[in-house]
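User: I would like to learn how to read the features of a protein model one at a time. Could you take me through the general idea behind each feature and then the case at hand?

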Amino acid sequence: MDLSVFEEWESEVRGYIRSFPVAFDTAHGSFLVAEDGAEYLDFFAGAGTLNYGHNNPQLKTALLDYLGRDGIVHGLDLATTAKREFIETFRDLVLEPRGLRYKLQFTGPTGANAAEAAIKLARQVTGRTNVIAFTHGYHGLSLGALAATAARKYRLAGAVPLAGVTFLPYEGYYGPDVDTIAMLEKQLDDPSSGLDLPAAVIVECIQGEGGVNAASPEWLRAVARLAADRNIPLIVDDIQAGCGRSGDFFSFEESGIRPDLVLLSKSLSGYGLPMAIVLIRPELDVWAPGGHTGTFRGNNLGFVGATAALRSYWSDAVFSAEVRRKGELLRERLAAIVARHPAELEVRGRGLFRGLASTVDPEFGARVSRWSFAHGLVVETAGAYDEVVKFLPALTIDDADLLRGVDLVEQAVEAALVSA
Ligand code: PLP
């Protein structure tokens, strides 16, 4: 397939094209179709942006209807019918059934911009600067968000000093026997620990880019309690783990915590359209009008897709039960692979957000991904060294496709272990 125009004209910054070097043309459900007609089973789902699959027919109908009646597409932050319907639907199907009350901030349409906004707001509210983030955390690559992103390759690319964030160990960072909550508590309460009292704690309940590390409910509850006791706003970054990926709409639901700020993007619009929001505990909503603005905060196609996705999948508990069931199926199959190589591999994650990690081979993920792609499966890597194979199938995937993909990964793992 001819990719020369990309090589000649597109910046060296291009990334995924290097791992999956074909030109894709169409897509449906869990499949991507390349220009030569080859079909690829998609276990990456736009890095978690296509929880409802590619070109989901229910969402497409809503979008086509909206375009067909000349619904406003670009709306800055003007009031629009589509935005009202989204807010009302989000209130009725997501917030109120969970007993949650948040104001909605529509930020620029990237996850990074939502992270920027939440960090700014927490700093305004508290008058403090420092933010606590966690090892292996990922919150985006614009400078404010980048300061809270752990990976050195991205931090170096920022090419400026990244200030105002202290990284503390995530659960399990020093192994199962080290209590990272006790460390956090001690550093917070010791006036001479060197840790400035933070404006916020920002955490992913399941770290995506960092290696599919799922925090336990106990750990999350302890973080939330430590933050609440000290009046430190807790930001949950649910950009990758949210919108159903964990088996609940929000990844923090299992733990019962109530974050002060929540970030959503990626699968929020349902159809892969850019959209991001910050959910704000009402008392923290101290923004001055226009205090965080941006041209693309009113992507009304995003609102229409999001409303249709919520109505189609979140009106009752059927969809989330299905996600949990398929997540368990995936976990069992991965556990069976690990059982054959217990000294080398481990399974991670929750819901339909799973990782197969090598504990010995930093290139394991990259090798499995490469082999899988050559055999028709798109699956990405995660972790500090790309040692983790990251499973993000569409939540709508059927069992047969899910199992077919895992069969391929199983073969890829054997091939990767042999070639290591
Ligand atoms: N936060 C998390 C947890 C993410 O996974 C990502 C993207 O992968 C981001 C923030 C940044 O989102 P974006 O790439 O849309 O800026």
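## Reading the fold, the rings and the loops

User: Before anything else, what share of the contacts in the protein chain with a separation of 6 or more comes from residues 24 or more positions apart?

Analyst: A contact means heavy atoms within 4.5 Å, and of the contacts in the protein chain with a separation of 6 or more, 72% are between residues 24 or more positions apart. Please keep in mind that this is a predicted model, in which local features need pLDDT of at least 70 and side-chain atom pairs count only at pLDDT 80 or more, while totals for chains, interfaces and linings use all residues. Residues are numbered from 1 along each chain as its sequence is written, and side-chain values use heavy atoms, with hydrogens and water left out.

User: How many helices and strands are there in the protein chain, and what does the radius of gyration say about a compact globule?

Analyst: Helices (H or I, at least four residues) and strands (E, at least two) are DSSP runs, numbered from the N terminus, and the protein chain has 14 helices and 17 strands. The radius of gyration is taken over C-alpha atoms, and the globule rule is 2.2 Å times the number of residues to the power 0.38. For 420 residues a compact globule would have a value near 22 Å, and the 21 Å of the protein chain agrees with this. Along the principal axes, the C-alpha atoms fill a box of roughly 60 × 55 × 45 Å.

User: What percentage of the residues is buried?

Analyst: Buried means under 20% relative accessible area, exposed over 50%, and partly exposed in between, with a 1.4 Å probe and protein chains only. Buried residues make up 54% of the 420 residues in the protein chain.

User: How is a pair of aromatic rings described?

Analyst: A pair of aromatic rings is described by the distance of the centres and the angle of the planes. Rings of Phe, Tyr and Trp (its six-membered ring) pair if their centres lie within 6.5 Å, and planes under 30 degrees apart count as stacked, over 60 as edge-to-face and the rest as tilted. The structure holds 23 aromatic pairs. In one of them, F90 and F249 have ring centres 6.2 Å apart and planes at 75°, so the pair is edge-to-face. F90 lies in helix α5 (residues 81-95) and F249 in the loop between β10 (234-237) and β11 (261-264), so the pair ties together parts that are 159 residues apart in sequence. F90 counts as buried at 0% relative accessibility, and F249 counts as buried at 1%. Both belong to one aromatic cluster, whose members include Y52, F86, F106, Y313 and W314.

User: Where is the place of A199, and is A199 buried or exposed?

Analyst: A199 is in the loop between α9 (180-189) and β7 (200-203), and with a relative accessible area of 0% A199 is buried. Leaving aside neighbours within four places in sequence, A199 is in contact with several residues, among them R123, T126, N130 and I232.

User: Which residues does S142 touch?

Analyst: Not counting residues up to four places away in sequence, S142 touches A112 and E116. S142 lies in the loop between β5 (131-134) and α7 (143-146) and counts as partly exposed at 31% relative accessibility.

User: Finally, what is phi of L76 and of A159?

Analyst: Phi of L76 is near 45°, a positive value in a residue other than glycine, and phi of A159, likewise a residue other than glycine, is positive and near 60°. L76 is in the loop between α4 (57-68) and α5 and counts as partly exposed at 41% relative accessibility, whereas A159, in the loop between α8 (152-158) and β6 (165-168), counts as exposed at 65%.
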